[in-house]
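Let's walk through this model one question at a time. Have a look first, then read on.

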Amino acid sequence: MAVNESARQDLFLATPWMNASGTLGFLPPPRWSFPAEMGAFITNPISLRPRHPARERAVLEYPGGFLLHSGLPNPGLRACLNRFAARWAKSSLPTWLHLLVQNPSEAREMAQAVEGLDGVMVLEIGIPSDLPGKDAIEMVSAACAELPVVLNLPLNRAGEDWLGLLPSTGVSAISLGAPRGALLLDQSTLLHGRLYGPALLPLALGAVISLQRLAIPVIAAGGIYSVSDGEALLSAGACAVQVDAALWKPWINLL
Amino acid sequence: MPLGSITLLEVTLQPEGIAGIFACPPEMRPGAGQYLLASAPGFPEPFPTALFTFAYQDGRLTTAPPLPATWTAGMTIAARGPLGTGFDLPSVARHVSLAGLGGSTARLQLLAAQALAQEASVVLFAATPPPELPDEVEVLPLEELPGALAWADYLALDVPLSHLGSLPDRLRLKPGESPSCRIEVLVYTTMPCGGAADCGVCAVPARSGSAPVWKYACKDGPVFGWEEIAWQ
């Protein structure tokens, strides 16, 4: 546990609780009502160039969760820096930037572009969901420079062998991202997307335990819908937790 | 915007699904076309439900269907809102048409009441007349909707996002043709984040001047002026 405390310090986390990328937009929220104190803010995914919403964007609910396919729209790195960098600098919370990279050269270019920004303390690198491990290693290596780098890994990939090469890249931590899945949109269309919901908690716990083999700090996410869910992941060895879609619920104390 | 609680007093079954009657403070009441984002603490819904107003009187909010099937009378529901941009019925409108193109007209009911209150004639285009419709509202089949453009000075539509692209055809408007009356469109789609995340799943192709942009139903809408939407 002391190792996790040290990892949190290295990642500028005052508490082990934060949002997951894609859940609170590009700026720290004026109010965080989830009943655990927020230790850092992480932005929506930011790509080098602007991304438009997916043509077949949809939310498909299933028992225990939902599939979200949005295309991860964002205005691109340059526009994000123009619009949001001043607010990140003024935020009382450390800001983590989630960078959505497609290849090592993009990873290097984006990491260099954000170095030295006030308030930006950590880079979380999101990789294409089906990216071969060898390429993922190259991307993470390319992003590692001044700022601590966290690899955001879809939690269904936590058992893959290539992760054994991660410690050599200089990466500071692995964060678990939403796993990918597919559901029928209609009788002839299969929709692929990110999965969220309470049913993911056992998978997240399994992934945290599996990733202990790497001796890299793990930031857990998936299925956290209460403080006790997050505490279970912390007890399983995670150094921090990212709350995702549960943050969209109106959290009030009804007692 | 307020964050608070509402109490589910009664669950009703309507032709379009389950609806609810809530004790709701006035400051949380959604205007016509606005919504509350609500969830039942301790229940396993993975994201909150958008509640639209069907009617509001004396602190009792009747919502349009649907309601989560797990919610029961007596439950305290956490809610955020009112959220979004609602309908803006012109005070001078005297011929008001309403139409639900996704099978529901319940989200237009409050607007119908407001139009009647300002002594407008109201025509509702619907496949089947909704319950509790005031007698003064004339109901016409959806096939006659294009005729509304000639009669109405204000037309409010409730359209699923997936049907939005075909709307000009439904109104028999030629590409690029502007309608002859003011039109507002409630773009109905799932809005899981309620504007908190800019998640993009409710994105609507829109215009800012002549430039194409994306607007989000959850925070820029769900009601859009006809001229805001990019129709081609």
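Q: How many bridges join β3(B) to β6(B)?
A: One thing up front: this is a predicted model, where local features need pLDDT (the predictor's confidence in each residue, from 0 to 100) of at least 70, side-chain atom pairs count only at pLDDT 80 or more, and totals for chains, interfaces and linings use all residues. Residues are numbered from 1 along each chain as its sequence is written, while chains are lettered from A and ligands numbered from 1 in the order in which they are written. Strands (E, at least two residues) and helices (H or I, at least four) are DSSP runs numbered from the N terminus. β3(B) and β6(B) run antiparallel, and the number of bridges joining them is 4.

Q: Which residue in β6(B) does B:S39 stand opposite?
A: β6(B) also has 5 bridges to β1(B), again antiparallel. From β1(B), B:S5 stands opposite B:A78. On the β3(B) side, the residue facing B:S39 is B:A78.

Q: In β2(B), which residue is the bridge partner of B:L13?
A: A hairpin takes the chain from β1(B) to β2(B) through 2 residues. β1(B) and β2(B), the latter covering residues 17-23, pair in the antiparallel sense over 7 bridges; two strands count as paired if DSSP finds at least two bridges between them. Within that pairing, B:L13 has as its partner B:I18.

Q: In what order do the strands of the closed barrel in chain B run?
A: Strands of a sheet pair through backbone hydrogen bonds, either parallel or antiparallel. In this barrel the pairing is antiparallel, and the 6 strands run β1-β2-β5-β4-β3-β6.

Q: By how many degrees are neighbouring strands of this sheet turned against each other on average?
A: Axes here are lines fitted to C-alpha atoms (for helices, over the stretch in contact), and angles run from 0 to 180 degrees between N-to-C directions. With direction ignored, the average turn comes to 45 degrees.

Q: How many residues of chain A are in contact with chain B?
A: Contact means that the C-beta atoms of two residues, placed from the backbone, lie within 7 Å. Chain B brings 27 residues to this meeting, and chain A's number is 30.

Q: Which element gives the largest share of the side of chain B that touches chain A?
A: Elements giving two or more residues to this side are β1 (3-14), β3 (35-39) and β6 (76-83) of chain B. The largest share is 4 residues, and it comes from β6(B).

Q: How many nonpolar residues does the side of chain B that touches chain A have?
A: Ala, Val, Leu, Ile, Met, Phe, Trp, Tyr, Cys and Pro count as nonpolar, Asp, Glu, Lys and Arg as charged, and the others, Gly among them, as polar. On this side of chain B there are 2 charged and 7 polar residues, and the nonpolar number is 18.

Q: Is B:C24 buried or exposed?
A: B:C24 sits in the loop between β2 and β3 of chain B. Leaving out residues up to four places away in sequence, B:C24 touches B:I6, B:R29, B:G59 and B:L61. A residue is buried if 20 or more other C-beta atoms, placed from the backbone, lie within 10 Å of its own, exposed if 12 or fewer, and partly exposed in between. B:C24 has 26 such atoms within 10 Å, so B:C24 is buried.

Q: How far apart in space are B:A152 and B:V96, C-alpha to C-alpha?
A: B:A152 lies in the loop between α2 (148-151) and β10 (154-160) of chain B. B:A152 counts as buried because it has 24 C-beta neighbours inside 10 Å. B:A152 and B:V96 are 56 residues apart in sequence, yet their C-alpha distance is 5.4 Å.

Q: How many bridges join β10(B) to β11 of chain B?
A: β10(B) is mostly covered, with 6 of its 7 residues buried. 5 bridges link β10(B) in parallel to β7 (residues 95-100) of chain B, with B:L157 as the bridge partner of B:A99. Towards β11 (residues 182-188), B:D158 pairs with B:L186. β10(B) and β11 also run parallel, and the bridges joining them number 7.

Q: What is the mean pLDDT of chain B?
A: The model as a whole scores ipTM 0.90 and pTM 0.93. In chain B, 100% of residues reach 70 or more, and the mean is 93.
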